[in-house]
Amino acid sequence: GRGDGNNDNAPVQKGQKRDDPNSYKWYAEYFWQLVARYGKIKYADNLLRVDSSPRWPGDENFKKSGLGLLEYVEPWNEPEKWWKQNTSESDSYFKPEETAAMMSAVYDGHEGVLGQYAGIKTADPSMVVVMPGLTDYDFPYIAALDAWFKANRKDKKWPCDVFNLHHYSNIGN
């Protein structure tokens, strides 16, 4: 999370532009660290960040890399929380261009712009990136994502390897 106690809120600091991949740099760096640890490529300890503060007596957390324990990563879930859109929790709702900016940042550091230690594919090109699951077959939202990628990525491609849509069988969907 961003330190405000609500992990549903967009991972940007207050006041930053949520439709700008640069606002998600720290989040892209976090995913680089996660994938450097649990992906297939081993990195030198000097590149790894670990909170070594013990959580309980005798607890230790060491720098580890290239563990090969993850093959897929989904960097968010249900960003278009429509049920929170116009509430006191509206920071939990992502507009399509905000989801697109976050996806571009965490996928490959917005095509490398965010630095060599930002992004999932930057840490391990073989890691499969799953699109943050959308809560429904929201084709206007998907079209807006596509338009953002075409307008803001040099490669014009979707920054994910797997498309992810959730369908709930209820009156709302």
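**Exercises on helix 2 and its surroundings**

The axes of helix 1 and helix 2 approach to within 8 Å and cross at roughly 35°. The model is predicted, and the exercises below concern this crossing and the residues around helix 2.

**Exercise 1.** Determine the handedness of the crossing of helix 1 and helix 2, and state which residues of the two helices meet.

*Solution.* Two packed helices are described by the angle between their axes and the distance between the axes. Here the crossing of helix 1 and helix 2 is right-handed. On the side of helix 1, the contact is made by Tyr27, Ala28 and Phe31; on the side of helix 2, by Met102, Ala105 and Val106. Classified by type, the residues of this contact are six nonpolar, no polar and no charged.

**Exercise 2.** Compare the span of helix 2 with the value expected from its number of residues.

*Solution.* Helix 2 has 13 residues, and at 1.5 Å a residue it should span 18 Å. The C-alpha atoms at its ends are 19 Å apart, which agrees with the expectation. After helix 2 comes Gly109, with a positive phi near 65°.

**Exercise 3.** Establish how far helix 2 is enclosed, and identify what covers its buried residues.

*Solution.* Of the 13 residues of helix 2, 12 are buried, so the helix is largely enclosed by the rest of the structure. Among the buried residues are Pro96, Thr99, Ser104 and Asp108. The cover over the buried residues includes helix 1, helix 3, strand 2 (128-129) and helix 4.

**Exercise 4.** Decide whether Glu98 is buried or exposed, and list its contacts beyond four places in sequence.

*Solution.* Glu98 lies in helix 2. Its relative accessibility is 11%, and because buried means under 20%, Glu98 counts as buried. Beyond its neighbours within four places in sequence, Glu98 is in contact with Arg18, Asp19, Tyr24 and Tyr93.

**Exercise 5.** Describe the largest nonpolar core and the surroundings of Leu145.

*Solution.* The largest nonpolar core has 37 residues. Those with the most contacts inside it are Tyr24, Tyr27, Phe31, Phe94, Ile120 and Leu145. Two or more residues of this core come from each of helix 1 (25-38), helix 2 (96-108), helix 3 (120-123) and helix 4 (139-152). With neighbours within four places in sequence set aside, Leu145 is in contact with Pro96, Thr99, Ala100, Met131, Leu134 and Trp158.

**Exercise 6.** Characterise the environment of Cys160.

*Solution.* Cys160 belongs to the segment after helix 4. With 13% relative accessibility, Cys160 counts as buried. Not counting residues up to four places away in sequence, Cys160 touches Met103, Tyr107, Val129, Val130 and Met131.

Note on methods: Residues numbered from 1 in each chain as written. Predicted model: local features only at pLDDT ≥ 70, side-chain atom pairs only at ≥ 80, totals over all residues. Heavy atoms only, no water. Core = buried A, V, L, I, M, F, W, Y, C linked by side-chain atoms within 4.5 Å. Buried < 20%, exposed > 50% of the residue type's maximum accessible area, 1.4 Å probe, protein only. Helix = DSSP H or I, 4+ residues; strand = E, 2+ residues; numbered from the N terminus. Contact = heavy atoms within 4.5 Å. Axes fitted to C-alpha atoms, helices over the stretch in contact; angles between N-to-C directions. Left-handed = near helix turned anticlockwise from the far one by under 90°. Nonpolar A, V, L, I, M, F, W, Y, C, P; charged D, E, K, R; others polar. Expected span 1.5 Å × (residues − 1).
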